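User: Please go through this protein model with me. I would like short answers that show the reasoning.

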Amino acid sequence: MRLILLGAPGAGKGTVAKRLTAVDGSVQISTGDILRGAVQAGSELGIEAQGYMKRGDLVPDALILGIMGKRLQEPDCANGFLLDGFPRTIPQAEALRDLLRELGIQLDAAINLVVPREVILDRLTTRRTCSNPKCQEIYNIKSKPPKQEGICDKCGSPVVQREDETEEAIGKRLDTYNEKTAPLAGFYEGEGLLFDVSSTSSDEVVAAILGKVGI
Ligand code: AMP
């Protein structure tokens, strides 16, 4: 399947994407994961992106488009892809539309995960993430704690609170989402691709998406 996952930070894009990859071998592409990996590696990209991310601001479109222009042409995308956290602005959506047109790739849908603000705030303040850039498994201290406190079940690395998941940065990220990313729902409605899913249960969200794409 070839999907865009839209929704506020904490709406469940990453969790749902991970579950969908297991269905048909589509690859999850998370720009947030790519950027966090670059920050930890201390690469040029990471150094440039770090300040924006820490503040809860968006990284400039040109940087993101540079990454995604290449990533979408890698061989593993041939089985399908789940875009998690990209596009996040109208210029990114327009650039993606042009790129996919050039590559002759048709999207199945833009899935918009609609979750109430109080649920989002609760999820983000209790979320913890594996610090290993190659793993980045997501935990929640209330609903999905690691088996051993502070240690990733999958790779044994420390599980930490993300730098941009302080109360201040979360507030900024949600404001940024409302201002810059929420308008993408209108963009994809216009393209005939928008599919809203409003459930806080990932089982229900996955089932609705699979129903939509006919799997
Ligand atoms: P995420 O893990 O998707 O919440 O992304 C974490 C941070 O990475 C965001 O708050 C932004 O600073 C940056 N980021 C991720 N994806 C994008 C994007 N498509 N455009 C701009 N900035 C992004």
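The questions below go from the overall fold to single residues and salt bridges.

User: What kind of model is this, and how many helices and strands does the protein chain have?
Analyst: This is a predicted model. The secondary structure of the protein chain comes to nine helices and eight strands.

User: Why does the protein chain count as compact as a globular protein of that length?
Analyst: The globule rule gives 17 Å for 215 residues. The protein chain counts as compact because its radius of gyration is close to that value, at 16 Å.

User: What percentage of the residues of the protein chain count as buried?
Analyst: A residue is buried when its relative accessible area is under 20%. Of the 215 residues, the share that meets this cut-off is 45%.

User: Among contacts between residues at least 6 apart in sequence, what percentage join residues at least 24 apart?
Analyst: The contacts considered here are those in the protein chain between residues at least 6 apart in sequence. The part of them that joins residues at least 24 apart is 71%.

User: How far apart do the centres of the positive and negative side chains lie?
Analyst: The protein chain has 26 positive and 30 negative side chains. The distance between the centres of these two sets is 3 Å.

User: Which helix holds Gly171, and is Gly171 buried or partly exposed?
Analyst: Gly171 falls within residues 167-181, which form helix H7. Its relative accessible area is 24%. Buried would need a value under 20%, so Gly171 in helix H7 is partly exposed.

User: How far apart in space are Gly171 and Leu99?
Analyst: In sequence, Gly171 and Leu99 are 72 residues apart. Taken from C-alpha to C-alpha, their separation in space is 32 Å.

User: Which residue of the Arg71 and Glu74 salt bridge counts as buried?
Analyst: The side chains of Arg71 and Glu74 meet at 3.2 Å, N to O. Glu74 has 37% relative accessibility and counts as partly exposed. At 15%, the buried residue is Arg71.

User: Are the residues of the Arg173 and Asp164 salt bridge buried or exposed?
Analyst: The side chains of Arg173 and Asp164 form a salt bridge at 3.7 Å, N to O. Arg173 has a relative accessibility of 8%, and Asp164 has 9%. Both values are under the 20% cut-off, so Arg173 and Asp164 count as buried.

User: Which residues are linked with Asp164 and Arg173 in a network of salt bridges?
Analyst: The whole structure has 17 salt bridges. In the network that includes Asp164 and Arg173, the other members are Arg127, Arg162 and Glu165.

Key:
Residues numbered from 1 in each chain as written. Predicted model: local features only at pLDDT ≥ 70, side-chain atom pairs only at ≥ 80, totals over all residues. Heavy atoms only, no water. Helix = DSSP H or I, 4+ residues; strand = E, 2+ residues; numbered from the N terminus. Rg over C-alpha atoms; globule rule 2.2 N^0.38 Å. Buried < 20%, exposed > 50% of the residue type's maximum accessible area, 1.4 Å probe, protein only. Contact = heavy atoms within 4.5 Å. Lys, Arg positive; Asp, Glu negative; His and termini not counted. Charge placed at Lys NZ, Arg CZ, Asp CG, Glu CD. Salt bridge = Lys/Arg side-chain N within 4 Å of Asp/Glu carboxyl O.
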